[in-house]
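Here's a quick briefing to read with the model open in your viewer. Have a look at the fold, then come back for the details.

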Amino acid sequence: MALRKELLKSIWYAFTALDVEKSGKVSKSQLKVLSHNLYTVLHIPHDPVALEEHFRDDDDGPVSSQGYMPYLNKYILDKVEEGAFVKEHFDELCWTLTAKKNYRADSNGNSMLSNQDAFRLWCLFNFLSEDKYPLIMVPDEVEYLLKKVLSSMSLEVSLGELEELLAQEAQVAQTTGGLSVWQFLELFNSGRCLRGVGRDTLSMAIHEVYQELIQDVLKQGYLWKRGHLRRNWTERWFQLQPSCLCYFGSEECKEKRGIIPLDAHCCVEARASMQAEMELKEEEAARQRQRIKELEEMQQRLQEALQLEVKARRDEESVRLAQTRLLEEEEEKLKQLMQLKEEQERYIERAQQEKEELQQEMAQQSRSLQQAQQQLEEVRQNRQRADEDVEAAQRKLRQASTNVKHWNVQMNRLMHPIEPGDKRPVTSSSFTGFQPPLLARRDSSLKRLTRWGSQGNRTPSPNSNEQQKSLNGGDEAPVPASTPQEDKLDPAPEN
């Protein structure tokens, strides 16, 4: 009967965890999965026909806890046999379902309780809670459990401190009559009752109380055990319970090797040979422990060396990555330098071409300048010769003009002979009634001048002819200059 009540407490948490809407009802599909898991963990033969018949799909809707109880009692709890299953596995199934919904540990890792410690406190809470739903723990039971855990850590707490601690939860306790399991877990996670104790120490204390109250462990430790087939002595971890002596492969109690029932047929022998053999085994065990200690130290050194090697490899990898990055940057800079070099070469080549073109242009301009200077020099020389010719032509023109005037006077004298009795030469104005033919006289004098000019020393240049043409007022016929011989033959009279 007591086992059924303990199982119902855990199943109640699983049922309420599936009640998402908090209506007191759970869907048939979820109850079907829960029942199947209970069959498995309690080592009950499956009854698929009854399972499908009870949870068939119809229009009845979800099932309440009262509607699920008949099936639970008839097909599951009535078939449970004590010792046929592992109670801890059953509690773990129910804890997994309810903790996923209701238990929220600190995401920053500041919680004092690990998931395993929270599970064990949840089991202790169920063991000490009242058989009333919803399950609560009265303040007296909370005080008892706190003292139990603190005493396992060699801590003593006074009654005043407990009253002060529980007074903080008094309002909730007065409303509901006690603390829920989630408020109880929050009390440990807050650390208000632990006085700065570490997580590992708290975990060991909770484990010790869990073994004492839940697993009924009166005493535990290592013992030597002789095998059934191989009659050698091996060291095993033993737990003493009221009705049996259980032994495991190690103190983690993960692999149960066997159970020795404690009844009227059990006895204890004390033999001298066994005592001597046990002493030898103790010495061998001491050597083995020493060897194990040395191996553990060696393993620790190897682990440290491995960590150093891993760190060195990480450093080498980081250095290699940095070197690779530097090489990539150097390669990129080299490419930029090559591009700059190519651009500089193109610029130099272009500048060289422009320089050559400029030199060619300067040479061409220099040749043009030389040609222009030569032409200018020729022009200057021509101008100088032209100036000389102009001066000679002007002299000749002045001489010719003088000669013309002289011969005109002579001709006038010849045309107007001096009569007896005249005291001065008669000019053309003296004879008013006579007009000599001037054109004939000019023609005769011009012919004479032409004949004289053809006998001159040199022929005047075109420039001199043009200058004389301009001086003569546009006359086409040139005025010949008198030669020195003519000047000697006909000297001009002076007035």
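What follows is a tour of the overall make-up, the main pocket, the salt bridges, the aromatic pairs and a couple of single residues.

Keep in mind that this is a predicted model. The protein chain has 495 residues, and buried ones make up 27% of them. Its secondary structure comes to 15 helices and six strands. If you take contacts between residues at least 6 apart in sequence, 65% of them join residues at least 24 apart.

**The largest pocket**

- The largest pocket has a volume of about 1,700 Å³. It is lined by 47 residues, and the closest to its centre are Glu88, Tyr210, Ile214, Gln215 and Gln241.
- Several elements share the job of lining the largest pocket, each giving at least two residues: among them are the helices H1 (2-18), H5 (87-102), H6 (115-128) and H11 (199-213).
- Strands are in on it too, with S4 (233-240), S5 (244-248) and S6 (256-261) each supplying at least two lining residues.
- Helix H11 gives the largest share of that lining, with eight residues.
- Sorted by class, the lining comes out at 19 nonpolar, 14 polar and 14 charged residues.

**Salt bridges**

- There are 11 salt bridges in the structure.
- In general, side chains of opposite charge can pair when their charged atoms come close.
- Arg4 and Asp78 form one of these bridges, with an N to O distance of 2.5 Å. This pair links distant parts of the chain, 74 residues apart: Arg4 belongs to helix H1, while Asp78 sits in the loop between helix H4 (65-75) and H5.
- Neither partner is fully out in the open: Arg4 is partly exposed at 24% relative accessibility, and Asp78 is partly exposed at 49%.
- Lys147 and Glu143 also meet in a salt bridge, at 3.4 Å from N to O. Both are in helix H7 (residues 139-152), four residues apart, or about one turn of the helix.
- Exposure splits this H7 pair: Lys147 is partly exposed at 39% relative accessibility, whereas Glu143 has a relative accessible area of 18% and so counts as buried, the cut-off for buried being under 20%.
- Arg320 and Glu316 are bridged at 2.9 Å, N to O. They lie four residues apart in helix H12 (residues 272-415), about one turn of the helix.
- Both ends of the H12 bridge are partly exposed, with Arg320 at 39% relative accessibility and Glu316 at 44%.
- Glu317 joins in as well: Glu316, Glu317 and Arg320 are linked in a network of salt bridges.

**Aromatic pairs**

- A search of the whole structure turns up 16 aromatic pairs. For Tyr13 and Trp182, the ring centres are 6.4 Å apart and the planes are at 85 degrees, so this pair is edge-to-face.
- Tyr13 is in helix H1 and Trp182 is in helix H10 (residues 181-190), so their pairing ties together parts that are 169 residues apart in sequence.
- Tyr13 is buried at 3% relative accessibility, while Trp182 is partly exposed at 22%.
- Both belong to a cluster linked by ring pairs, made up of Trp12, Tyr13, Trp95, Tyr103, Phe119, Trp122, Tyr133 and Trp182.

**Thr98, buried beside aromatic rings**

- Thr98 is found in helix H5. Its relative accessible area is 0%, so Thr98 counts as buried.
- Which residues does Thr98 touch, leaving aside its neighbours within four places in sequence? They are Tyr13, Ala17, Tyr103, Trp122 and Trp182.
- Four names on that contact list, Tyr13, Tyr103, Trp122 and Trp182, also turn up in the ring cluster.

**Thr40, on the more open side**

- Thr40 lies in helix H2 (residues 28-41). With a relative accessible area of 45%, Thr40 is partly exposed.
- Thr40 and Phe85 are 45 residues apart along the chain, and their C-alpha atoms are separated by 9.6 Å.

Notes:
Residues numbered from 1 in each chain as written. Predicted model: local features only at pLDDT ≥ 70, side-chain atom pairs only at ≥ 80, totals over all residues. Heavy atoms only, no water. 1 Å grid on protein atoms, 1.4 Å probe; cavity = no way out; pocket = protein on both sides within 12 Å on 5 of 7 lines; lining within 4 Å. Points joined across faces, edges and corners; volume = space filled by probe spheres on them. Nonpolar A, V, L, I, M, F, W, Y, C, P; charged D, E, K, R; others polar. Salt bridge = Lys/Arg side-chain N within 4 Å of Asp/Glu carboxyl O. Buried < 20%, exposed > 50% of the residue type's maximum accessible area, 1.4 Å probe, protein only. Contact = heavy atoms within 4.5 Å. Phe/Tyr/Trp six-rings, centres within 6.5 Å; stacked < 30°, edge-to-face > 60°.
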